[in-house]
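I opened this notebook to keep track of what I looked up, residue by residue and helix by helix. The entries follow the order in which I went through the structure.

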Amino acid sequence: MRESSVARSPRSRPRKARTEPLPPMRLGAGLQVLAALLWLPQAALIALVIGDLAGQGRAPEDFGLNAATSALAVAILGIVRALLDGYAGRLCFRRARQILSERRAKAAKALAARSPLDSGRPASGVAASILGEQGEAIVPYLSRYRPARLKAVIVPLAIVLAVFPVSWAAAIVLLIAAPLIPVFMALIGWRAQAASEAQLAGLGSMNGFLLDRLRGLATIRAMGAVDRTAKRLRQEAETLRTRTMAVLRIAFLSSAVLELFAALGVAMVAVYIGFHLLGQLPFGAWGGRLSLGEGLFVLLLAPAFFEPLRDLSSIWHDRAAGEAALKALDDLSAMDVAVLNADADDQRKGARAPAPAVRLENLAFAHAGAEQAAIEEFSLSIEAGEKIAFFGPSGSGKSTLLALIAGLAPADRGCVRISEQSLDETNAGSLRRQIAWIGQTPHIFAGDLISNVTLHRPWIGADNAQRALAAAGLSHILEGRDGHLGEGGSGLSGGEALRVALARLTADPRISLILADEPTAHLDSQTAKDIADHLLAFAKGRTLIVATHDPLLAHRMDRIVYLPKSAMRAVA
Ligand code: ADP
Ligand code: MG
């Protein structure tokens, strides 16, 4: 027994999803800040020119400019600002899409690597909804919210620093008005986050519900449960509506709060400057009096001070939706039980390895959360090229055993040796290349028959698929209806669906070990015999392990290994 297969972390405790730190969007956000800061020289020039026209304060000539060049400079700065802002926005958007694609790919990969024995796998509808629809919420969050947040930190600060040397009183008014905004936003933000998470959860569960019911539409109709299903759907839709309205309410509330404070702040500065210029409030300008130009400069900067905060508020709910979506994607990436060496992705054609001998040494395995072990101290030696049946009642651990042999989950103890190689995290992928699995209910994808056989495995050509289909006795379907199949194999009988599965296996020239999990269950005896004939014919020169409770099939193998019901092997 190898050390590595002994020391395993307990699986009963689900692993927590780690939330990955987000990569920064420095360039895009930085350029947006720069664009916003260009308003400072623009405002200064405007104030200078207008102050000069009124004959007050310093003239543009003091800075080597005249009225015309100042106007030109204002226009040029405006254009540069717009271009910079547009370019930075595009940059942020592109980066955000790239990050979303990476996260999606990671989640999809993790989903694919999850063991079929992991009963905690998310429902396919929920996973599809998170990967597809909800994931999109990350883009506005990253491309708009995060640059806006940086802007909201830097720009008001820069403006206060510019206003302060002109008028400390105006700077103080701005400084007092500003912190109120983040405080209220944070208070609202907590509610928004919770509401947004509830809304996303509602969306996911509704999508999952819809997908499951659509799949089972025939059953629902046959059982006369259409009305009840429609009622449930209506309820789910109503819940989702309430949750969406809650999110929108909070979004509106937060912008209203912010607009209020921003308007108050600007009004207070305007009132102060106005009365100051009229001589009513003579303090606040470092001893002297503000000129018209200086007053105008402060007035022009006041709305710009609040603008980044207002931008931030208008996209405030993007943050909640984006963070909820990120969390959902990260949760999808979390795993309880993973397929061994799942990232090994061998697309080469490769020749067939000789039929392997399979040795199971003291194998033990308990499903996550199960009270008793499904497999306990199981040892068995299977010769190269042997045909063997795992025979036993339902629940005796046959499927689990096959999954362990294929490395679809790591064993708790003991080891699996295929051709003398101990199956582990480093070699399971390449060993699996020669293993084929056939179950009792193969999934048939909507589409044509040929790609249902090749499954887009690049090393299997259409000619391989055609030959395999002919050998499986499915040529008539290939010719009959253009080889088109419906979702879930509608239009195929159970026997035909299994023949498609057989063709998938026989089309792959690399296979030398076949694992068949109850391949003939649910079939009539004639079809079961045909399938078994075909399987045995293909298994010549290969190793075949069949899990079955069908004595007829079991007796056609070289050897039968009886597995008693696991309840009889309860853990003491
Ligand atoms: P068989 O294929 O012989 O019918 P299985 O290998 O499917 O038996 O199951 C063996 C035992 O493990 C059963 O008691 C079953 O309830 C349990 N089991 C199977 N799959 C899971 C799972 N994903 N999570 C928890 N328990 C499981
Ligand atoms: Mg089974």
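Entry on serine 143. I began with the contacts of serine 143 in this predicted model, and, leaving aside its neighbours within four places in sequence, I found it in contact with Met25, Cys92, Phe93 and Ala96. I then looked up where serine 143 sits, and it is found in helix α6, which runs over residues 138–163. Is serine 143 buried or exposed? I noted a relative accessible area of 8% for serine 143, and because buried means under 20%, I entered serine 143 as buried.

Entry on helix α3. I next checked the length of α3, residues 39–53, where 15 residues at 1.5 Å a residue should span 21 Å, and I found its end C-alpha atoms 21 Å apart, which agrees with the expected value. I listed the buried residues of α3, among them Trp39, Leu40, Ala43, Ala47 and Gly51. Against which helices do the buried residues of α3 pack? I wrote down α2 (26–37), α4, α6 and α10 (292–314) as their partners, so α6, the helix that holds serine 143, appears in this entry as well. Just after α3, I noted that glycine 55 takes a positive phi of about 75 degrees.

Entry on positive phi outside glycine. I kept in mind that most residues other than glycine have a negative phi, and I then looked up two residues that depart from this. Histidine 456 has a phi near 55 degrees, a positive value in a residue other than glycine, and I located histidine 456 in the loop between α14 (449–454) and α15 (462–471). Glutamate 518, which is not a glycine either, has a positive phi of about 50 degrees, and I placed it in the loop between β9 (513–517) and α18 (525–538). I also compared how accessible each one is: histidine 456 counts as exposed at 67% relative accessibility, whereas glutamate 518 is buried, with a relative accessible area of 9%.

Entry on glycine 120. I found glycine 120 in the loop between α4 (67–113) and α5 (124–132). With a relative accessible area of 42%, glycine 120 is partly exposed. How far is the C-alpha atom of glycine 120 from that of tryptophan 316? I recorded a separation of 33 Å between these two C-alpha atoms, for residues that are 196 residues apart along the chain.

Conventions:
Residues numbered from 1 in each chain as written. Chains lettered and ligands numbered in written order. Predicted model: local features only at pLDDT ≥ 70, side-chain atom pairs only at ≥ 80, totals over all residues. Heavy atoms only, no water. Helix = DSSP H or I, 4+ residues; strand = E, 2+ residues; numbered from the N terminus. Buried < 20%, exposed > 50% of the residue type's maximum accessible area, 1.4 Å probe, protein only. Expected span 1.5 Å × (residues − 1). Contact = heavy atoms within 4.5 Å.
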